[in-house]
Amino acid sequence: MAARDRNLNALFLPYFITSHMTPLIDTAVLFAARPGVAVTILTTASNALTFQPSIDRAKSAGHRITFHTIKFPAAEVGLPEGIENYGSVASRDMIPKVTRAISLLREPMVQAIRDLRPDCIVSDVMDPWTVDVAEELNIPRLILSTTNCFYYCVYHHLMIHKPYEKVTSDSESFVVPGLPDEIETTSAQLEDYLKSPVESGSSGELIKVIKDAETRSYGTVFTSYSEIEPEYVLHYKNVMGRKSWHVGLPSLLLGKENETNMNRHRCLNWLDDQEPGSVLYVSFGSVVRFPDTQFTEIALALEESGRPFVWVVRKIGKTCEKEDEDWLPEGFRERVLESEKGLMMREWAPQISILAHPAIGGFVTHCGWNSAMEGMAAGVPLITWPLFAEQFYNEKLITRVLKVGVEVGSGVWNRSLDIRSPVVGKDKIVKALSHLMDGSEEAKEIRRRAKEVSMMMKKSVEEGGSCSSDLNSLIEEINAYVLHE
Ligand code: UDP
């Protein structure tokens, strides 16, 4: 085979959610670090600005990586300049405007891809339309999925066997047929679009388009680790007939948080004064919106548990504690916060550094895949509280397959980021917290497993580990494909 006399030009296309953009752009950086690869990231100016420091670092290391930016149609949809993703909205009415702007971007993005003529496209799972332009240009489209193979396999068998049609109530458990493990779920935990006909313009319709694009794409790159789901990696390949590569969570590989945060965050100093393994870290990711009643129950539970905690409270447009605390239980500020029994944060938390701190003994998480992996990589057992998207599947991987966590029992899937499922009461939360933190034999076993899984993840990112060999073989395969076309 003739050697290539030019670079493999890979085009990366991020979606407009921070927790999707970060792993995709970090994966682009890993691609560019491989010999003979040049990377272009297609996005809008303000999003590019956020990631410019990573790209500058990669460039100064001699790698070929650059942004190609197009204008975000802020004025056309009535958004202020600079609001270019869901994470930066300052009020709820901006959310549909961001959605509208993203749909307006489709055509200029297609045109930019035609002009750039890449050798392959690596796009977020939320950009299924890229499969059309890839087919037009006769190049492979790879999906960058910021989740795991387990979810794809369970979803596949739910679609085929429809076991939820055989139960008499939403809360009746059933086993999903056809999987390597016995995975039980309920209808209430499943996406509504999976169970009923999809309506035009609904998120169910988008998922259908995404699934259709998956079958027409070259393969899927998972920001997961093959070691933690080996049977599902095989299942995806042998039973579902799809190609996949597991590159790990790139931000952990790149060690970015430590590099960029030169000023140590105050919460890390507070953690230095706590007993090892004693503190609960409570965070529900970057986009979820709880009702105030749920915040109150969490506060009551944290106080009753008597454990020190770091609790990240995220609310749209509300970054100042003092202007929004009607929901705090009476006297909570004085009894708990001012006496520093626990820390409540409104700002963006340095989550990876927090989880890596030896004082952390448990992580209450919504099972967003980035958070789940960050917790597992740090060897911290999880208290799972799934809410929306594929988080109920992630919970099952965490608690039933990997056995590195306990379930809070949230039980009902939410169709939007505005949480409408029944409020999880204080007693249920306290029960889950004690279950993990009470030092029982079962809790000790969960902790032991958490350390074991963390070791597996660490080994897989070492030189020659599965993450780098998957990335190498992916690039080799794409190169060979492009060469033969
Ligand atoms: N995150 C963070 N600080 C915060 C909130 C979130 O660093 O205060 C990061 C977190 O470390 C993770 C991402 O944001 O990498 C959240 O992604 P995830 O997939 O867990 O959830 P999502 O935000 O998509 O619901």
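The following questions and answers walk through a predicted model, taking its sheets, helices and ligand shell in turn.

Visitor: In what order do the 7 strands of the open sheet stand?
Guide: This open sheet has parallel pairing, and the twist from one strand to the next averages 25°. One of its pairs is β2 (residues 37-44) with β3, joined by 7 bridges, and within that pair I41 stands opposite F67 of β3. Read across the sheet, the order is β3-β2-β1-β4-β5-β8-β9.

Visitor: Which strands stand at the edges of that sheet, each with a single partner strand?
Guide: In the order β3-β2-β1-β4-β5-β8-β9, the two ends of the row are the places to look. A strand there has a single partner, so one of its sides is left without a neighbour in the sheet. The edge strands are β3 (64-70) and β9.

Visitor: What angle does helix α20 make with β9?
Guide: Helix α20, which spans residues 466-484, lies across β1, β2, β4, β8 and β9. Its direction is compared with that of β9, and the angle is about 145°.

Visitor: Is G248 buried or exposed?
Guide: G248 sits in the loop between β9 (244-246) and α10 (250-254), and apart from residues up to four places away in sequence it touches T223, Y225, L253, S460, V461 and C467. A residue needs 20 or more C-beta neighbours within 10 Å to be called buried. Because G248 has 28 such neighbours inside 10 Å, it counts as buried.

Visitor: How far apart are the C-alpha atoms of G248 and S421?
Guide: Along the chain, G248 and S421 are 173 residues apart. In space, the separation of their C-alpha atoms is 32 Å.

Visitor: What is the order of the strands in the open sheet of 6 strands?
Guide: The pairing in this sheet is parallel, and its neighbouring strands are turned against each other by 15° on average, direction ignored. At the edges stand β12 (342-345) and β15, each with a single partner strand, so one side of each is left without a neighbour in the sheet. The full order is β12-β11-β10-β13-β14-β15.

Visitor: How many bridges pair strand β10 with β13?
Guide: Strand β13 covers residues 360-365, and 6 of its 6 residues are buried. On one pairing, with β14 (residues 382-384), it has 3 bridges, where V364 has I383 as its bridge partner and F363 stands opposite L382. On the other pairing, with β10 (residues 279-283), L280 has G362 as its bridge partner, and the number of bridges is 5.

Visitor: Which helix joins β13 and β14 in a right-handed β-α-β unit?
Guide: The helix in question lies across β10, β13 and β14, and its direction makes about 165° with that of β13. Another helix, α18 (residues 426-437), also lies across β10, β13 and β14, together with β15, to which it runs at about 160°. The member of the right-handed unit, however, is α16.

Visitor: Which helix gives the largest share of the shell around the ligand?
Guide: There are 16 residues around the ligand, and S19, G285, Q351, G368 and S371 come nearest. By class, the shell has 7 nonpolar, 8 polar and 1 charged residues. Two helices, α15 (351-356) and α16 (369-377), each supply at least two residues of the shell, and the largest share, 4 residues, comes from α16.

Visitor: Why is helix α17 described as largely enclosed by the rest of the structure?
Guide: The buried residues of α17 are Q391, F392, Y393, N394, E395, K396, L397 and I398. What covers them includes α6 (149-161), β7 (184-186), α16, β14 and β15 (405-407). Helix α17 runs over residues 391-401, and the description is given because the buried residues number 8 of the 11.

Visitor: Which residue following α17 has a positive phi?
Guide: Helix α17 spans residues 391-401, and the residue sought comes after this stretch. Its phi is near 55°, and the residue is K403.

Notes
Residues numbered from 1 in each chain as written. Predicted model: local features only at pLDDT ≥ 70, side-chain atom pairs only at ≥ 80, totals over all residues. Buried ≥ 20, exposed ≤ 12 C-beta atoms within 10 Å, placed from the backbone. Contact = placed C-beta atoms within 7 Å. Near = placed C-beta within 6 Å. Nonpolar A, V, L, I, M, F, W, Y, C, P; charged D, E, K, R; others polar. Pairing = 2+ DSSP bridges. Right-handed = clockwise from strand over helix to strand, strands pointing away. Axes fitted to C-alpha atoms, helices over the stretch in contact; angles between N-to-C directions.
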